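This report describes charged side-chain pairs and the surroundings of a bound ligand. Please consult the sequence and the structure shown below while reading.

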Amino acid sequence: MSRTTPESHPGRHPDSHPDHRPAARFTGRTALLTAAASGIGAATARRLADEGASVLVTDVDAAGAERVAEEVRAKGGDARPLGLDVTNPEAWPEAIRTVEEWTGRLDLLHLNAGRNLPGAIHELDDTSWHNHLRLALDSVFYGVRAAVPLLSAAGGAVVVTGSVHAVIGFSGFPAYAAAKGGVSALVRQLAVEYAGRIRFNAVVPGAVDTGLWTDAPDEYRVQTAARTPVGRLGEPEDIAAAVAFLGSDDASFITGQNLVVDGGRSISSQE
Ligand SMILES: NC(=O)c1ccc[n+]([C@@H]2O[C@H](COP(=O)([O-])OP(=O)(O)OC[C@H]3O[C@@H](n4cnc5c(N)ncnc54)[C@H](O)[C@@H]3O)[C@@H](O)[C@H]2O)c1
């Protein structure tokens, strides 16, 4: 396996490797992950399984969820796939029943669904706007509503994937900013509401090299990396590490927070 160098992965210690793992923090614990067939969700499935979790890998792409679960099992991890469209409120109780019948507990719920919707507000039609909010924000409502009893019983945690679009304005993405801003506020609200029973936090990624970036022109990727103090796009594993931290006992005194993981993009004045 190739060694990570400061040149190839700025911001990382030369002795570290993206696969570096702290001690298993999730042994005997169960996690349900959404939108986990690719990108950040899939990396989180791998990370949590490596740390000992039983992982229910869900995605609207059921075959993709199966592929990720199979990959985890092939490496000795414990994972099951489930087709789950997070925008369908009726599918959520069934997903929670699946996890309850499997391990009897739910320690971590990672609500990760979302997608960019470019378009200035005067260009967006009602359907695009509402579908966008349904995917990234309503899904959090549906998922948390269904999972509260099981999460409460385990003293569990919820981590929602937000975005730096909730923190800074990028021209041309108003629906995305609204949805992720809603996520940001909702985790604070829920953290207070369920204090002492369930912790709620958001991980707030900057640009991360996933399917969302597939169609981005090379020039834009280079420009984005140059505007990021750490000097590169994020990798899904960078976000997975933050989700694992927020979902673990290492973060037992952290709730209602938005943890920005963006290589410094949102604190920099670089244009
Ligand atoms: N990649 C980035 O630069 C970036 C930056 C900030 C935030 N995010 C957020 O990270 C999250 C994950 O995105 P990613 O970058 O890993 O993208 P990705 O395209 O790699 O993965 C998205 C996954 O969502 C699934 N999905 C789509 N609709 C769904 C539905 N209705 N129900 C369940 N699953 C559904 C897809 O099948 C896919 O597997 C999103 O919430 C995104 O907004 C990404």
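## A salt bridge between E66 and R73

In this predicted model, E66 and R73 form a salt bridge through their side chains, with an N to O distance of 3.3 Å. E66 is partly exposed, at 35% relative accessible area, and R73 is likewise partly exposed, at 32%.

## Salt bridges of R25

The structure as a whole contains 14 salt bridges. One of the pairs joins the side chains of R25 and E51, at 2.8 Å from N to O. R25 belongs to the segment before β1 (30–33), and E51 to the loop between α1 (39–50) and β2 (54–59), so this salt bridge ties together parts that lie 26 residues apart in sequence. R25 has a relative accessible area of 18% and is buried, because the cut-off for that class is under 20%. E51 is buried as well, with a relative accessible area of 0%.

The side chain of R25 also meets that of D250 in a salt bridge, at 2.9 Å from N to O. D250 is in the loop between α7 (236–247) and β7 (258–261), whereas R25 is in the segment before β1, so the pair connects parts 225 residues apart in sequence. D250 has 52% relative accessibility and counts as exposed. A network of salt bridges links R25, R47, E51 and D250. In general, side chains of opposite charge can pair when their charged atoms come close.

## Residues around the ligand

Which residues come nearest to the ligand? Of the 30 residues around the ligand, these are I40, D59, Y176, V208 and T210. Helices α1 and α5 (174–193) each contribute at least two residues to the shell. Grouped by class, the shell comprises 14 nonpolar, 11 polar and five charged residues.

## Polar contacts and coverage of the ligand

Both backbone and side-chain atoms of the protein feature in the contacts described here. A polar backbone atom of G114 lies 3.3 Å from an oxygen atom of the ligand. For V208, a backbone N or O atom is 2.8 Å from a ligand oxygen atom. T210 contributes a polar side-chain atom, which lies 2.5 Å from an oxygen atom of the ligand.

How much of the ligand's accessible area does the protein cover? On its own, the ligand has 840 Å² of accessible area, and the protein covers 89% of that area.

Technical notes:
Residues are numbered from 1 along each chain as its sequence is written. This is a predicted model: local features need pLDDT of at least 70, side-chain atom pairs count only at pLDDT 80 or more; totals for chains, interfaces and linings use all residues. Side-chain values use heavy atoms; hydrogens and water are left out. A salt bridge is a side-chain nitrogen of Lys or Arg within 4 Å of a carboxyl oxygen of Asp or Glu. Helices (H or I, at least four residues) and strands (E, at least two) are DSSP runs, numbered from the N terminus. Buried means under 20% relative accessible area, exposed over 50%, partly exposed in between (1.4 Å probe, protein chains only). A residue is near a molecule or strand if one of its heavy atoms lies within 4 Å of it. A polar contact is a pair of N or O atoms within 3.5 Å; within protein, one must be able to donate a hydrogen and the other to accept it, and residues adjacent in sequence count only if both atoms are side-chain atoms. Accessible areas come from the Shrake-Rupley method with a 1.4 Å probe; for residues, only the protein chains shown count as cover. Ala, Val, Leu, Ile, Met, Phe, Trp, Tyr, Cys and Pro count as nonpolar, Asp, Glu, Lys and Arg as charged, and the others, Gly among them, as polar.
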